Protein chains: 2
Amino acid sequence: MRVYFATGNEGKFREAEEVLSRYGIEVEMVDLDYPEIQSDSLEEIAVWGVRWCVERLMEPVFVEDSGLFVDALNGFPGPYSAYVFDTIGNEGILKLMEGVEDRSARFLSVVAFCEPGGKPVTFTGEVRGRIAEEERGEEGFGFDPIFVPEGDRRTFAEMGVQEKCKISHRTRALERFAEWLVARRGR
Amino acid sequence: MRVYFATGNEGKFREAEEVLSRYGIEVEMVDLDYPEIQSDSLEEIAVWGVRWCVERLMEPVFVEDSGLFVDALNGFPGPYSAYVFDTIGNEGILKLMEGVEDRSARFLSVVAFCEPGGKPVTFTGEVRGRIAEEERGEEGFGFDPIFVPEGDRRTFAEMGVQEKCKISHRTRALERFAEWLVARRGR
């Protein structure tokens, strides 16, 4: 079976291709540049986006949205992680966390899938962890240098991309999506 | 003449009514709950929103979006001011500005107007100023306690609402919009 992934991000696409191919699912990239709405819920943003995409593409399509949610900052930067990274960066998050004891945070990813005439379905992946005291590592991108996943002492940016992908929020969401597709096909 | 203001915010509506009535323009509130897209441009957000509104309402309608743009933070929190206020608040902005010399900032407001079958038109209002060293004042809302407009020593929250409205970014954008409506009617 074949599904479309609406994204302009080559890296994300390759990650999805890698995961979905393990389940025998073909994926094609389609750069629809769909609107992302403002909301504090990644689910709402993804569902809105995939509805927009399926109406135009008229093919089975999914979108993916993700963000870093810091507990002590009431979930900030959350759905606006990309914008916050571009403006105040890792440095800004570290400054906001100065003197803050509770450094717990999580990376969240939501995949929303929809078929023509159908209702959107969502799949969530999460990695819990904490905000490091300083930036460490050169791999990955975005907030990777300040995020230490649970059960490890290294930041995401200190791991190789493949090692990070094994435990990443996005991989988990994509795997749940793939399992659902496969189970449905079997019915 | 009569126009619709798509907003769920009573305070904003009363401000608009006060400004537009001075120009003989009737305004009616309509709570369409239109989607706001993610963008670093208030114009793009407002234009997208008003297009959505006019397609559904089929009446002349405007929307208004505003934000605080801090120069030293690359424009942050900008279009996401409401979300940033709800999560890290004035305290968060002050922390990000600790030890920062350039405290210049501006409040920006964009009004986007559209008629059925027409193209959206936008009007901008701006107030330049700086980020205070600490929160001061009880009036207003949002980032008002940390914003000192140019030519004053008080924060917006230390002024009465009426005094603030006289110089506010929103009033300026609304006045430009009203002047345009009146000039157009005269043609």
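# A guided tour of a predicted two-chain model

Buried residues make up 45% of the 187 residues in chain A, and that chain, taken from a predicted model, is a sensible place to begin. Before selecting anything, it helps to know the scores: the mean pLDDT of chain A is 95, with 99% of its residues at 70 or more, while the model as a whole has an ipTM of 0.85 and a pTM of 0.89.

**Chain A as a whole**

Select chain A by itself and show it as a cartoon, where you should be able to pick out 6 helices and 7 strands. Following the chain from the N terminus, the elements come in the order β-α-β-α-β-β-α-α-β-β-β-α-α. The radius of gyration of chain A is 17 Å, close to the 16 Å that the globule rule gives for 187 residues, so chain A is as compact as a globular protein of that length. If you turn the chain along its principal axes, its C-alpha atoms fill a box of roughly 50 × 30 × 25 Å. Among the contacts of chain A with a separation of 6 or more, 59% are between residues 24 or more positions apart.

**Lys12(A)**

Next, select Lys12(A), which belongs to helix H1 of chain A, residues 10–21. Is this residue buried, exposed or partly exposed? Lys12(A) is partly exposed, because 17 other C-beta atoms lie within 10 Å, a count that falls between the 12 or fewer of an exposed residue and the 20 or more of a buried one. Leaving aside residues up to four places away in sequence, Lys12(A) touches Thr7(A) and Glu64(A), so add these two to the selection. Then show Arg170(A) as well: this residue is 158 residues away from Lys12(A) along the chain, yet the two C-alpha atoms are separated by 8.8 Å.

**Bringing in chain B**

Now display both chains together. In general, two copies of a chain are related by a rotation about an axis and a shift along it. Here a rotation of 180° with 0.0 Å of shift along its axis superposes chain A on chain B, with an RMSD of 0.0 Å, and that is the relation of a two-fold axis. To find where the axis passes, select Ile37(A), which of the residues of chain A comes closest to the rotation axis, its C-alpha atom being at 2.0 Å. The same surface serves both copies, since 100% of the contact residues of chain A recur in chain B.

At the interface, 17 residues of chain A are in contact with 17 residues of chain B. Color helix H3 (81–87) and helix H4 (89–96) of chain A, each of which supplies at least two residues of the side that touches chain B; the largest share, 3 residues, comes from H4(A). Sorted by class, this side of chain A has 9 nonpolar, 5 polar and 3 charged residues.

**Helix H4 of chain B**

Cross over to chain B and select helix H4, residues 89–96, in which Gly92(B), Ile93(B) and Leu96(B) are buried. They cover an arc of only 95° around the axis, which puts them on the same side of H4(B). To see what covers these buried residues, show H4 of chain A and strand E6 (121–131) of chain B, both of which are included in that cover.

**Backbone details to finish**

The last stops concern the backbone, where most residues other than glycine have a negative phi and most peptide bonds are trans. Zoom in on Phe76(A) and Pro77(A), which are joined by a cis peptide bond with omega at about -5°; Pro77(A) has its place in strand E4 of chain A, residues 77–78. In chain B, the peptide bond from Phe76(B) to Pro77(B) is also cis, with omega near 0°, and Pro77(B) is found in strand E4 of that chain, residues 77–78.

Return to chain A and select Asp33(A), which is not a glycine and nevertheless has a positive phi of about 50°. Asp33(A) lies in the loop between strand E2 (26–30) and helix H2 (42–57), and this residue counts as exposed because it has 10 C-beta neighbours inside 10 Å.

Finally, select Met58(B), again not a glycine, with a positive phi of about 55°. Met58(B) sits in the loop between helix H2 (42–57) and strand E3 (61–70) of chain B, and with 11 other C-beta atoms within 10 Å Met58(B) is exposed.

Definitions and conventions: Residues are numbered from 1 along each chain as its sequence is written. Chains are lettered from A and ligands numbered from 1 in the order in which they are written. This is a predicted model: local features need pLDDT of at least 70, side-chain atom pairs count only at pLDDT 80 or more; totals for chains, interfaces and linings use all residues. Two residues are in contact if their C-beta atoms, placed from the backbone, lie within 7 Å. Helices (H or I, at least four residues) and strands (E, at least two) are DSSP runs, numbered from the N terminus. Ala, Val, Leu, Ile, Met, Phe, Trp, Tyr, Cys and Pro count as nonpolar, Asp, Glu, Lys and Arg as charged, and the others, Gly among them, as polar. The radius of gyration is taken over C-alpha atoms; the globule rule is 2.2 Å times the number of residues to the power 0.38. Copies are superposed by least squares on the C-alpha atoms of residues with pLDDT of at least 70 in both. pLDDT is the predictor's confidence in each residue, from 0 to 100. The arc is that of the directions from the helix axis to the C-beta atoms.
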